[in-house]
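Me: I would like to learn how the packing of helices and the layout of a sheet are read from a model. Could we work through one case together?

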Amino acid sequence: MKLSLKLCSVLLVAVLAGCGGAPDTAPSSSSSVEQAADAIEIAVIPKGLSLQFWLSVKAGAEAAASEAGATVIWQGPTKETEVTKQIDIVQDLINRGVDALVLAACDENALVATVEQAAAKMPVITIDSGVVSDTPLSLVATDNVAGAREAAKTLAKFIGEAGPVGLIPFVPGAATSQMRVQGFKEGIAAYSNIKLVAEQPSMSDVAKAMDVTQDMLTTHPDLKGIFATNEPSAIGAAQAIKAAGKAGEVKIVSFDASEEQINALKEGAIQALIVQNPYKMGYMGVQAALDALAKKPVEKRIDTGVTIVTQENLNQPEVQKLLHPTAS
């Protein structure tokens, strides 16, 4: 009876809210809609809790929930490598009886059984990183392969389409990391005078990324560029490049856009950021969960896009809005 009442509430939300798509930033909601859906609990489980990327996802998720009067339960492992911890969190939330699950999987294989268990009881939406299963109703994420191809093209431009380069993935087994590696290798293969000479993961740890970059510089002193696949990888690489006195000489292109990465871009330690839209990812992930509860159709794949940010376009209003989506 409790679940059926919640579903009725979501149906009422759908009728009152209309059929418009979710905006990049959420509008204010009416009090009648909030009261109608106030019992709905949507669990949003990121891969980690500390990075700015996940804080932006949280802001978007909470905005979508607030618009509908639903509640977000935000829980996740401290680090993106804590796969078992994430599985335990999902199990706890299944036992709690939440109404829907929005998940960024730490490991695309290890989470399959748990996701399938959850999907037998509730709608499951994956965001950012999916699982090797068709069970989730939707994947709301960047097209990471295409984004990494753009990263390869951008890095090639900065190094004059010639020279040795390095690649820093983050966590082996994470679908997002694997897709970015795939896209970068596909992209860089188009340049016959560029050779990928080093590939080492950072384990989403800044200190490890520094060590990896130092190893690359020692082994390949003529290194021309690095593609860092996420925030910690980029920060560690930039710090190592600066420590070696090669800032601006060894070009760095990276995914994500934390304040530290933006500062490194401003000072020339990083040349370009492949910027996702984590706020939109969180917003549309929760919106998809609400649609599923309301028995509305949900797209199997929702691409939230990327923008290439350099010193040249950093201060453009649309770029600033993307980098700071919750700023007033």
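Me: At what angle do helix 9 and helix 10 pack, and how far apart are their axes?

Reply: Two packed helices are described by the angle between their axes and by the distance between those axes. In this predicted model, helix 9 (residues 231–243) packs with helix 10 (residues 259–267) at an angle of about 40°, and their axes are 10 Å apart. Helix 9 and helix 10 are therefore oblique to each other, and their crossing is left-handed.

Me: Which residues make the contact?

Reply: Helix 9 contributes Glu231, Ala234, Ile235, Ala238, Gln239 and Lys242, while helix 10 contributes Glu260, Gln261, Ala264 and Glu267. Sorted by class, this contact of helix 9 with helix 10 has 4 nonpolar, 2 polar and 4 charged residues.

Me: Turning to the sheet, what is the order of its strands, and how are they paired?

Reply: The sheet is open and has 6 strands in the order 7-6-8-9-10-12, with mixed pairing. Strand 7 (194–199) and strand 12 (307–309) each have a single partner strand, so at these edges one side of each is left without a neighbour in the sheet. From one strand to the next, the twist averages 20°.

Me: How many bridges join strand 10 to strand 12?

Reply: Strand 10 (residues 272–275) and strand 12 run antiparallel and are joined by 3 bridges; Val275 has Thr307 of strand 12 as its bridge partner.

Me: Which strands does helix 9 lie across?

Reply: Helix 9 lies across strand 6, strand 8 and strand 9, and runs at about 165° to strand 9.

Technical notes. Residues are numbered from 1 along each chain as its sequence is written. This is a predicted model: local features need pLDDT of at least 70, side-chain atom pairs count only at pLDDT 80 or more; totals for chains, interfaces and linings use all residues. Side-chain values use heavy atoms; hydrogens and water are left out. Axes are lines fitted to C-alpha atoms, for helices over the stretch in contact, and angles run from 0 to 180 degrees between N-to-C directions. Helices (H or I, at least four residues) and strands (E, at least two) are DSSP runs, numbered from the N terminus. Angles under 35 degrees count as roughly parallel, over 145 as roughly antiparallel, 65 to 115 as roughly perpendicular and the rest as oblique. A crossing is left-handed if the near helix is turned anticlockwise from the far one by less than a right angle, and right-handed if clockwise. Contact means heavy atoms within 4.5 Å. Ala, Val, Leu, Ile, Met, Phe, Trp, Tyr, Cys and Pro count as nonpolar, Asp, Glu, Lys and Arg as charged, and the others, Gly among them, as polar. Two strands pair if DSSP finds at least two bridges between them.
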